[in-house]
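Visitor: Hi! Could you walk me through this structure? I'm new to reading these.

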Amino acid sequence: MGTLAFDLAHLLAGGMLVLSFLLLYQDRITAVINVFAWQAIALSLSVAWQSIVQEAPHLVATAVIALVVKGFLIPFALHRIVRRLDIHREVEQVIGGGPTMLTGLALVALAILLVQPVREAGGTLTREDLAFALAIILLGLLMMITRRNAVTQIIGFMSIENGLILAASGAKGMPLVVEVSVAFSVLIALIVFGVFVFRIRERFDTVDVSALDRFRGERRER
Amino acid sequence: MIAAIDVVLILPALAIPVLALVTNYRAGAFINVATSGLTFAAGLLLLASERVRSDLLIVDDFNIFLVVLTTFVGFTTSIFSATYIAHELETGRLTPSFLRFYHAMYQAMMWSMNLALLANNIGIMWVGVEVATLTTVMMVGLYRTPEAIEAAWKYFILGSVGISLAFFGTILVYLVAQDVIGQGLQAMCWDLLVGAAGQFEPHLLSLAFVFLLVGYGTKIGLAPFHAWLPDAHAEGPTPISAVLSGLLLNVALYALLRFKMVLAANPATLNVGAIMAALGLVSLLFAAFMLYRRRDIKRLFAYSSIEHMGLATFAFGIGGPLANFAGLLHMTMHSLIKSAIFFTVGHIAQVKGTQRLADIGGLSTTHPVLAFGFALGVIAIAGLPPFGMFTSEFMLVSTTFARQPLLAVVLVIGLLVSFGALMLRLQDVVFGEPKGSTDPVKASSVPLFIHFALVLMAGLWLPETIVHWFRTVAALLG
Amino acid sequence: MAMIFGFLYELALQGVQMFIVVLIAPLVMGVTRKVRAHLLRRIGPPLLQPYFDIWKLMHKEAVLAHNASWIYRVAPYFVFAVTWVAAALIPTYASGLLFSWSADLIAIVALLGTARFSLALAGMDVGTAFGGLGSSREMMIASLAEPAMLLIVFTVALVAGTTQLSSIAALFSTAAVGLRVSLALALFAMMFVGIAENARIPIDNPATHLELTMVHEAMVLEYSGRHLAMIEAAAQVKLVLYFSLIICLFVPFGMATGERSLAAFAFAMAVYLAKLFVLAALLPVGETALAKMRVFRYPVFLGGAFAAGALAVFLLFVSRGF
């Protein structure tokens with residue numbers, strides 16, 4: 001594999017990981033949605049590049065699905081949900097930004113350490129994709145745990161799924177990748193639909209934070 | 001020539017659109033029962049036909065009895081469901097249009113569980129479990145109450161995360177396999193994986209199993225990942241609680257065990273048995289203590305499901321022919337007993353109009369048949385002789401005492417604690433002051449007593465073929 | 001003879017490198033002020049105003065508090081000297097100069113830390129409330145920025161295999177490095193750190209006169225005359241230092257690395273100055289788009305830099321292993 005193939009794959013996968021961090025860093029829901037759209041675009045570029053490198057034309061379908069559904073349709077729908085349901089515009093965090101970021105860094109380190117001893121036979125690119133994908137999945141989990149709002153949880157889940165598709169497209173000749181990406185898109189569409197129809201705002205408890213804000217007469221800084 | 005294996009998959013799939021279109025709920029319920037019955041018959045035929053394998057599907061000793069069990073419980077539950085939903089329509093909790101959806105989803109769930117069980121390809125197996133989860137999510141939210149939607153949402157989110165992690169594990173398994181087997185579909189075939197597992201890269205394979213354990217463990221309802229389970233059981237329609245507990249948890253455990261067999265064939269991997277045993281024991285203890293504080297009758301048995309899945313996982317974690325045998329038997333017994341219990345609980349909740357334990361009492365005077373069924377169920381699930389669960393628990397405890405005496409002490413404590421909780425509830429519900437409505441039950445108790453008869457039979461005498469299957473699978477499980 | 005001329009030539013080149021950063025610093029500051037004023041629809045001071053300011057301050061009487069100790073008097077000169085040394089070490093227009101061996105990234109970070117420490121000490125020396133407040137805030141920012149800076153150093157050093165700036169610049173000006181996310185992240189972190197260290201918006205406002213929002217200005221509030229001139233000059237040199245560091249690490253293209261002719265050096269110098277002024281013009285563009293942050297938000301801002309730096313290091317480990 002040429003160095004350009006490697007560098008570009010590294011750049012795109014690394015870019016996705018950086019965007020995962022940005023997802024954690026944002027404190028406005030609309031910004032989170034936009035960052036997610038960027039991540040989906042990066043994913044679609046990465047998958048498209050993999051399809052060229054591996055000479056696997058079927059991956060193009062996955063790339064197009066990622067671009068259209070997750071890059072445009074879902075963010076658009078989420079923006080609409082945020083407006084229509086009048087969801088609190090600030091991301092509610094269970095733990096603060098600093099500890100979240102540190103935990104995120106620790107998770108990335110963990111992902112790298114876990115994938116590190118993988119034998120070289122898989123190829124550097126596979127190993128690297130795997131490490132990035134694992135880190136993105138773990139960060140997505142972290143986001144789902146530390147953010148309480150339904151919309152941010154969906155985004156956390158979708159970023160997990162981005163990591164999965166990245167890993168699946170990196171695994172050479174893996175069957176069913178396209179089918180799985182379609183299945184995931186349907187799943188996500190259902191989730192988004194469910195949120196919209198049932199007006200789910202919070203996850204486990206029904207504390208209306210905007211009521212608290214009104215009570216205190218101020219909005220939270222973070 | 002269509003083989004039985006195809007029928008098991010095609011029948012429910014064909015029934016889905018039909019059920020979605022039939023507007024009359026009685027006809028829908030009938031088609032549902034008929035389809036489930038025919039699928040069960042096809043499942044029985046599967047026993048007679050020869051074992052086959054392809055790159056996508058497989059029939060072997062391990063899944064054949066689970067397919068029969070699944071189609072059987074699916075059949076009996078469909079009978080129970082027919083009487084159950086009639087009552088729900090009367091009380092106005094459901095409308096006919098919801099029932100169309102309900103029946104279609106029921107068959108979709110049966111189809112996906114059969115698919116997961118029969119799949120040889122680990123990707124297809126994953127798809128089966130995912131679809132089964134999705135359909136049950138929709139059924140859990142069927143009543144559209146805020147609690148039901150919250151339960152469905154929780155189940156959805158946790159289930160999706162679990163399924164994502166399981167998929168990552170599947171990708172990792174493919175990655176290790178493609179080095180040895182070569183790229184393409186073959187590297188995802190379970191039987192080829194077991195055959196070549198000895199040459200797999202052990203580190204990555206172990207990592208894959210950790211993800212699969214967390215992923216499918218969420219579906220099994222193992223302790224740290226169990227949060228969705230009580231809510232989903234309590235808020236959904238009772239037939240769904242019955243199949244959730246009786247079948248879906250089994251299917252998830254089955255998927256995990258398939259991967260455990262792959263790891264068992266490679267001695268250089270992580271000792272996954274220890275992790276599984278630990279998770280199982282934690283689930284058992286946690287659920288046993290949680291049983292005391294339940295106020296909702298369906299939630300009570302949901303925790304009991306966590307406990308028993310913990311027991312089964314512990315058994316497979318301990319490993320060895322005897323413990324694996326006990327685990328397989330336990331899975332089977334739990335399916336039969338727990339679905340029967342949910343049938344009873346469904347009837348009880350319907351006649352009393354509540355699921356609150358505090359409002360249910362004195363069944364022996366108001367509804368003797370239900371009281372009898374409930375008492376049988378609780379006695380069976382508590383592991384008292386002569387029911388089949390006594391056999392499995394006895395085998396498990398004795399083999400654990402022989403090999404890990406300290407763990408056995410914890411195990412016995414967990415069993416006794418849960419036993420105490422169940423007996424307390426039995427006392428309150430069956431005896432004591434009669435509470436609530438005394439209307440007669442308009443439901444068939446046949447499925448209930450068929451289950452108990454089977455469990456009783458398993459406790460007294462196990463057919464030689466079943467013992468043989470269990471032995472073969474137990475040997476494979478390592 | 002030729003050897004002596006050669007030596008003198010090299011010495012002259014090194015001398016140009018050392019003096020250019022000091023001589024050009026006020027002009028760079030003038031450019032940023034001018035651009036900022038234009039962006040705010042004002043005319044702004046002349047480009048050369050910083051030179052006049054320093055000249056004026058040099059001729060004014062330095063007023064000292066009664067209880068000022070020697071630290072207070074020495075600190076401005078010390079800060080200026082240390083900052084100058086640090087700035088002079090960075091290869092600006094050519095690599096492989098006479099003293100290039102001493103241009104170590106860690107040394108530069110350490111020198112800047114020393115300067116900051118002595119200035120913070122001087123701020124507290126007189127014992128006024130504002131000095132102490134400014135010092136404590138400055139140290140808080142430093143304690144957040146320094147780890148991020150060190151991670152940047154790690155990243156660059158891991159990519160280049162050395163912490164020696166001249167070699168790094170020579171390596172990075174070739175295409176051998178390839179596309180590296182790590183370096184992009186390091187640049188990102190470097191911009192954050194640079195903004196914080198140079199007391200620019202959104203961390204600090206260099207033009208503020210509202211004491212409560214001051215950080216750097218509060219610390220040097222008591223200074224006047226030639227002392228203030230030294231501190232101002234040091235601040236300007238520090239800005240040039242960060243610009244040069246970014247140029248040297250991330251856009252070293254055009255630097256004279258091989259050929260030793262005068263024309264090559266002149267061309268490289270022109271390129272360097274062009275890059276410097278582009279950065280000087282870009283800084284106020286970014287600044288006008290942002291509002292000053294509250295003090296409690298600093299950790300989030302610099303935490304971002306730290307995270308970017310750490311991520312950069314991690315990413316390197318992914319691709320090359322331990």
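Guide: Happy to! Keep in mind that this is a predicted model. To begin, chain B and chain C do not touch, and their nearest C-alpha atoms are 16 Å apart.

Visitor: OK, so which pair of chains shares the most contacts?

Guide: That's chains A and B, out of the 2 pairs of chains in contact. Chain A puts 29 residues into that contact and chain B puts in 27 residues.

Visitor: Which elements of chain A are on that side?

Guide: Those giving two or more residues are α5 (124-146), α6 (150-170) and α7 (177-198) of chain A. The most comes from α6(A), with 7 residues.

Visitor: And what classes of residue are on the side of chain A that touches chain B?

Guide: There are 22 nonpolar, 4 polar and 3 charged residues on it.

Visitor: What about chain A and chain C, how many residues are in contact there?

Guide: Here 22 residues of chain A meet 18 residues of chain C. On chain A's side, α1 (3-25), α4 (97-115) and α5 each give two or more residues. The largest share is from α1(A), with 10 residues.

Visitor: How does that side divide by class?

Guide: The side of chain A that touches chain C has 12 nonpolar, 8 polar and 2 charged residues.

Visitor: Let's switch to helices. How do α1 and α4 of chain B cross?

Guide: Helix α1 (residues 4-21) and helix α4 (residues 96-118) of chain B have axes that come within 8 Å and cross at roughly 160°.

Visitor: What does that angle say about the directions of α1(B) and α4(B)?

Guide: An angle over 145 degrees counts as roughly antiparallel, and α1(B) and α4(B) are therefore roughly antiparallel to each other. The crossing of α1(B) past α4(B) is left-handed.

Visitor: Which residues meet there?

Guide: From α1(B), they include Ile5(B), Leu9(B) and Leu19(B), and from α4(B), they include Arg100(B), Trp111(B) and Leu118(B). By class, the residues of this contact are 15 nonpolar, 3 polar and 1 charged.

Visitor: New topic: which residues touch the most other members of the largest nonpolar core?

Guide: Leu118(B), Val251(B), Ala148(C), Ala189(C) and Leu311(C) do, in a core of 366 residues. Helix α6 (residues 146-180) of chain B gives the largest share of this core, 22 residues.

Visitor: Can we zoom in on Ala148(C)? What does Ala148(C) touch?

Guide: Leaving out residues up to four places away in sequence, Ala148(C) touches Ala189(C), Phe192(C), Val193(C), Leu302(C), Ala305(C), Phe306(C) and Gly309(C).

Methods. Residues are numbered from 1 along each chain as its sequence is written. Chains are lettered from A and ligands numbered from 1 in the order in which they are written. This is a predicted model: local features need pLDDT of at least 70, side-chain atom pairs count only at pLDDT 80 or more; totals for chains, interfaces and linings use all residues. Two residues are in contact if their C-beta atoms, placed from the backbone, lie within 7 Å. Helices (H or I, at least four residues) and strands (E, at least two) are DSSP runs, numbered from the N terminus. Ala, Val, Leu, Ile, Met, Phe, Trp, Tyr, Cys and Pro count as nonpolar, Asp, Glu, Lys and Arg as charged, and the others, Gly among them, as polar. Axes are lines fitted to C-alpha atoms, for helices over the stretch in contact, and angles run from 0 to 180 degrees between N-to-C directions. Angles under 35 degrees count as roughly parallel, over 145 as roughly antiparallel, 65 to 115 as roughly perpendicular and the rest as oblique. A crossing is left-handed if the near helix is turned anticlockwise from the far one by less than a right angle, and right-handed if clockwise. A nonpolar core is a set of buried Ala, Val, Leu, Ile, Met, Phe, Trp, Tyr and Cys residues joined through C-beta atoms within 7 Å. A residue is buried if 20 or more other C-beta atoms lie within 10 Å of its own, exposed if 12 or fewer, and partly exposed in between; C-beta atoms are placed from the backbone.
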